[in-house]
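Dear colleague,

I am handing over the structure we spoke about, and I would be grateful if you could look through it before reading on. My notes come after it.

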Amino acid sequence: MARRSLLVGFGGFLPDRVVTNDELAAQLDTSDDWIKTRTGITRRHIAGPNDTATSMGAQAARRALDYAGLTPADIDAVIVGTSTPDQAFPATAVRIQAELGMQQGFGFDLAAACSGFIFALSTADAFIRSGQARNVLVIGSEVYSRIVDWSDRGTCVLFGDGAGAVVLSGTDEPGEAGLLSTHLHSDGTAGDLLYVDGAVGRREMSGHLKMSGRDVFRHAVAKLSSSVDEALKAEGLEYGDVSWLVPHQANIRIIEGVAKKLNLPPERVVITVDRHANTSAASIPLALDEAVRDGRIQKGDLVLMEALGGGLTWGSALARF
Ligand code: COA
């Protein structure tokens, strides 16, 4: 039996401060109704002065390790999907290693914007299948509140901060459970539809998120639809086999479009966008954490994950729990 990866631990962290649509409407020309109708978002968590991708990622990681019954000493690799690292280097993953007290293994960050968790999951799975790592912490951690332009109502209302983590663990035992396959894509020709206009490698040290919302919306529906088809086809599965859709949480209308295509009723879709807004690479592991801990996702369930983000990057992952 070929080695495969089991999802054995789940953890999340959200900063204390909650900002409602009404609070944004007090500062911007927007309204609770506009935001809710267009996106499904009612509120979001916003990082406090001491919350960073490292601190939030480390908290989520500790909770995922607890769930898995593992300690930092059991971990061979830490992979962090983030577009909002504390520093250009050391990588957030290496800082998290230090916070967890790890002196073994390796860590690195991966930049795939809102698809960061799917890309990190796929990378971790490849390390496990090749025998280079046995237990891998896969983390998405983001502080988009530090890169959005708070005077741009077209973007700032969409995002929130947070971190999510999953522990992937290799097994050689026969069984149905595990990550079945992942499917990644990127297309740099669409890079200017969603980007940050500055970075440490440019003269502009920090930048703001810029987005052509309508174009991104159009790409999201088309690319996520083909991505879920690709994942199911690769495994010889059909829409009816999917127990749960755990999508990247950008916009309720995009999520509903994909769920409709899959013929999945709303109660089979894990939604956090209403309370978290778009936490980029953190959104899928945060949603997984919620749905595993509250008992919605059960052993034997087939879970389909999908995401699209700046790059453009997009992809999907299928897992049997
Ligand atoms: N409050 C009130 N009005 C707003 C607003 C806000 N927060 N943001 C934009 N508007 C206005 C616009 O200025 C525009 O006004 P105008 O017609 O007078 O010019 C009007 O609302 C419509 O703007 P538009 O951008 O066409 O709206 P939309 O229906 O496309 O919705 C998004 C905008 C951003 C919600 C939508 O395009 C979207 O969700 N796109 C995908 C974004 C995404 O998910 N990105 C992350 C991917 S990882």
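What follows is a description of the two domains, the interface between them, the annotated spans and a few local features.

Please keep in mind throughout that this is a predicted model. The domain assignment divides the protein into domain 1, residues 4–171, and domain 2, residues 178–320, and the C-alpha centres of these two domains are 14 Å apart.

The interface between the domains takes up much of these notes. On one side 52 residues of domain 1 take part, and they are in contact with 46 residues of domain 2. Together the two domains bury about 3800 Å² between them, with 66% of that area on carbon and sulfur atoms. Three residues, C114, I118 and F119, supply 16% of the area that domain 1 buries against domain 2, which is more than any other three residues contribute.

As for charges and polar groups, the count of salt bridges between domain 1 and domain 2 is zero, whereas 22 residue pairs are found in polar contact across that interface. Several elements of domain 1 each supply at least two residues of the side that touches domain 2, among them the strands β1 (4–13), β3 (43–46), β6 (135–143) and β7 (161–171), and the helices α2 (32–39), α3 (53–68) and α5 (116–130). The largest share of that side, eight residues, comes from α5. Sorted by class, the side of domain 1 that touches domain 2 holds 24 nonpolar, 19 polar and nine charged residues.

Two spans carry annotations in UniProt, both from an unreviewed entry. Residues 108–188 are listed there as "domain: Beta-ketoacyl-[acyl-carrier-protein] synthase III N-terminal", and over this span the chain is 23% helix and 40% strand, with its end C-alpha atoms 22 Å apart. Residues 232–320 are covered by the annotation "domain: Beta-ketoacyl-[acyl-carrier-protein] synthase III C-terminal", and that span is 33% helix and 22% strand, with its end C-alpha atoms 12 Å apart.

Although the domain interface has zero salt bridges, a search of the whole structure finds 14 of them. In one salt bridge the side chains of R3 and D172 meet, at 2.9 Å from N to O. Because R3 lies in the segment before β1 and D172 in the loop between β7 and β8 (178–186), this pair ties together parts that are 169 residues apart in sequence.

Finally, there are some backbone features to look at in the loops. The peptide bond from F89 to P90 is cis, with omega near 0 degrees, and P90 has its place in the loop between β4 (77–81) and α4 (92–100). Another cis peptide bond joins G311 and L312, where omega is about -15 degrees; L312 sits in the loop between β12 (302–309) and β13 (313–320). A113, a residue other than glycine, has a positive phi, near 50 degrees, and A113 is found in the loop between β5 (106–110) and α5, the helix that supplies eight residues to the side of domain 1 that touches domain 2.

With best wishes

How values were computed
Residues are numbered from 1 along each chain as its sequence is written. This is a predicted model: local features need pLDDT of at least 70, side-chain atom pairs count only at pLDDT 80 or more; totals for chains, interfaces and linings use all residues. Side-chain values use heavy atoms; hydrogens and water are left out. Domain bounds come from an automatic or database domain assignment. Contact means heavy atoms within 4.5 Å. Buried area is the accessible area (1.4 Å probe) that two parts lose on being put together, summed over both. A salt bridge is a side-chain nitrogen of Lys or Arg within 4 Å of a carboxyl oxygen of Asp or Glu. A polar contact is a pair of N or O atoms within 3.5 Å; within protein, one must be able to donate a hydrogen and the other to accept it, and residues adjacent in sequence count only if both atoms are side-chain atoms. Helices (H or I, at least four residues) and strands (E, at least two) are DSSP runs, numbered from the N terminus. Ala, Val, Leu, Ile, Met, Phe, Trp, Tyr, Cys and Pro count as nonpolar, Asp, Glu, Lys and Arg as charged, and the others, Gly among them, as polar. UniProt positions are given in the numbering used here, feature names are shortened, and annotations may be inferred rather than shown by experiment.
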